[in-house]
Amino acid sequence: MAGHQDFDRIGPAAIGHVRRRHFTLTAAAAVLAFAATPGRASAEELRDRDLGADPFTLGVASGDPLPDAVVLWTRLAPRPWEPGSGLPAAGMFPVRWEIAEDERFARVARRGQTIAGADAGYSVHVDVRGLQPGRTYWYRFQAGSWTSPVGRTRTAPAAASSPERVRLGVASCQQFDEGYYTALRHLAHEDLDVVFFLGDYIYENAIDAAAGDRKLPEGSRLPDVFAHETVTLSDYRLRYALGKSDPDLQAAHAAHPWCVTWDDHEVENNYAAAVSQDNDPTGQFLLRRAAAYRAYWENMPLRLPQLPIGPDMRLYRRLRYGRLAQFDILDTRQYRSDQAYGDGWKQPGPASEDPARTLLGSAQEQWLYSGFRRSTATWNVLPQQVAFSRRRLRRENSPLSMDAWDGYPAARKRLLDAAGTAGITNLVVLSGDSHIHLAMDIKEDFDNPGSSTRGIEILGTSISSGSDGLEKPEDWESLLSVNPHMAYYAKRRGYVVVTLTPSQARADYRILPYVTRPGAPVSTAAGLICRAGRPGFERP
């Protein structure tokens, strides 16, 4: 990593007094906070000739819908696979935007102009206000003589309303070099209100010219800029440009608003707060984390409050869909205690069961529990990253995943206790990370199958990570046998469609037979329901 310490013009600021599990952002490290606010003029205004070619190569996106607002996103990148995306290292470009009530833009609801600046990677985040609740809109951008593709979005229902239905997509884990994003093309055609993406939007690994399992032919090969692990801001910006160049990902973003959270690979595999997988020097790793967090914000449809300050980024947040659903989007990566016993699947013991261990951090825990107490929603939904319920590999003396909630059982108990104290009866946990489909009942005591069920966990498989996979892997029968709270298990690629109504939650598990070549069909492998007030999965 020593060769990447320049941090791409942001400045090699020394991180001050740093402890393994807590650090303070000092004045010196504040250089990493970026002096210029995104969208403000920091250099001369660029002209149409500076674009040179279509700047909307990465598509458009929307996200985090409110009853009267939604975030619109794009990023100018006429040559997306080059450092700097083919634009000057300093400068700004005016970008016009409009959002309409119809696809032909005959009834424009709002329009305006903003600035795409070099300081934010020429990304654009427009927080459009004054919209009507619970309705569909279309939007587009213009830069110079170029017009972006049209995106479709939808606002959340009115706060006091009681929607008859909310339908959401659940997706995660899209390693570019392990398969095509065909699942996202199918997701684009689903009838959804919103998509929750639960992490691993990019991966940090080196990618060869043939893009691994995609096996790109001569003439379509990738440049060398992707052939090393991501470390610097330029590296991470390029990796997002690679993924966002995929037409299936662009289609899914243009079709629905997305609510995103990260997992580990947006920075580095299985990092824990300020601790890297390889125990790199803390200051060095935080420089890398600051670069990764900055690139994440630049490339996601997020609001200004999520703008990172150095290696810190407040990503957890709350969205409400009337009185039907409250979504508490969590961050299980930035504040966690280090994985016990060196990570991996290990025998649980005093280190993993220490009551002081946390996956969310104290501030996020208290924010979540306060939200439980104030909730008036029928369904309380937790979009987050890693498996929440226990997963044994064998009946006796089974190892457990130290990276998932199994490695933090006291934190899991605190969460369930807080939900119980607040009277939360319809708890739904959405998870990713594992590259498998799982439907699990959340038990009061996983050692006692007859104990009360506290909620359900919908764990969705990956979009491409893990390549083609299997519908019934070798451990299919044994895993279901030793985990009686599991109602469904498969190892294909795909996503989940979750439908919430006042009377039930339904999870439809979509699968694809292959992703290592394009064009796979999609099918529904399983559909399960949970009745309101009666937690636990049932066959409809």
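These legends walk through close-up views of a predicted model.

**View 1. Ser352 and the residues around it.**
We start with a single serine, Ser352, found in the loop between strand E14 (345-346) and helix H6 (362-374). Is Ser352 buried or exposed? Its relative accessibility is 1%, so Ser352 counts as buried. Look for the side chain of Ser352 reaching the backbone nitrogen of Gly349, at 3.1 Å. Setting aside residues up to four places away in sequence, Ser352 touches Ala340, Tyr341 and Arg357. Met402, Gly407, Tyr408 and Pro409 are also touched by Ser352.

**View 2. The largest nonpolar core.**
In soluble globular proteins, nonpolar side chains tend to be buried together. Here the largest nonpolar core has 50 residues. If you want landmarks, pick out Leu184, Tyr201, Leu222, Trp258, Tyr296, Leu302 and Met313, the residues with the most contacts inside this core. Several elements each supply at least two residues of the core, among them helix H2 (182-188), strand E10 (194-197), helix H3 (233-244) and helix H4 (247-255). Strand E11 (258-260), helix H5 (282-299) and strand E21 (486-500) also each supply at least two. Which of these elements gives the most to this core? That is H5, with seven residues. Apart from this core lies another, of 34 residues, and among its members are Val194, Ile456, Ala490 and Val498.

**View 3. The surroundings of Leu222.**
Here we zoom in on Leu222, one of the residues with the most contacts inside the largest nonpolar core. Leaving aside neighbours within four places in sequence, Leu222 is in contact with Trp81, Phe176, Ile207 and Asp208. Ala209, Ala211, Leu216 and Leu242 are in contact with Leu222 as well.

**View 4. Aromatic rings that pair up.**
The structure holds 17 aromatic pairs, and two of them are worth a friendly visit. In one, the ring centres of Phe176 and Tyr181 are 6.1 Å apart and the planes stand at 90 degrees, so the pair is edge-to-face. Phe176 counts as buried, at 10% relative accessibility, and Tyr181 counts as buried at 1%. In another, Phe197 and Tyr201 have ring centres 5.4 Å apart and planes at 70 degrees, so this pair is edge-to-face too. Both Phe197 and Tyr201 are buried. Together with Tyr240 and Trp258, Phe197 and Tyr201 form one aromatic cluster.

**View 5. Arginines over rings.**
Now look for charges that sit over aromatic rings. The charged end of Arg135 sits over the ring of Tyr137, 5.1 Å from its centre. Likewise, the charged end of Arg318 sits over the ring of Trp367, at 4.2 Å from the ring centre.

**View 6. A salt bridge between Arg317 and Asp64.**
The structure holds 31 salt bridges, and this view shows one of them. The side chains of Arg317 and Asp64 meet in a salt bridge, at 2.6 Å from N to O. Which parts of the chain does this pair tie together? Arg317 lies in strand E12 (residues 317-321) and Asp64 in strand E1 (residues 60-66), so the pair ties together parts that are 253 residues apart in sequence. Arg317 is buried, with a relative accessible area of 8%, and Asp64 counts as buried at 2% relative accessibility.

**View 7. A salt bridge between Arg303 and Asp127.**
In this salt bridge, the closest N and O atoms of Arg303 and Asp127 are 3.0 Å apart. Arg303 lies in the loop between H5 and E12, and Asp127 in strand E5 (residues 123-128), so the pair ties together parts that are 176 residues apart in sequence. Arg303 is buried, with a relative accessible area of 9%, whereas Asp127 is partly exposed, with a relative accessible area of 32%.

**View 8. Glu268 with Arg288, and a salt-bridge network.**
Our last stop begins with the salt bridge that Glu268 forms with Arg288, where the closest N and O atoms are 3.5 Å apart. The pair links distant parts of the chain, with Glu268 in the loop between E11 and H5 and Arg288 in helix H5, 20 residues apart. At 2% relative accessibility, Glu268 counts as buried, and Arg288 counts as buried at 2% as well. Elsewhere, salt bridges that share partners join Asp263, Arg333, Arg336 and Asp403 into one network.

Notes. Residues numbered from 1 in each chain as written. Predicted model: local features only at pLDDT ≥ 70, side-chain atom pairs only at ≥ 80, totals over all residues. Heavy atoms only, no water. Helix = DSSP H or I, 4+ residues; strand = E, 2+ residues; numbered from the N terminus. Buried < 20%, exposed > 50% of the residue type's maximum accessible area, 1.4 Å probe, protein only. Polar contact = N/O pair within 3.5 Å; in protein donor to acceptor, adjacent residues only side chain to side chain. Contact = heavy atoms within 4.5 Å. Core = buried A, V, L, I, M, F, W, Y, C linked by side-chain atoms within 4.5 Å. Phe/Tyr/Trp six-rings, centres within 6.5 Å; stacked < 30°, edge-to-face > 60°. Lys NZ or Arg CZ within 6 Å of the ring centre and 35° of its normal. Salt bridge = Lys/Arg side-chain N within 4 Å of Asp/Glu carboxyl O.
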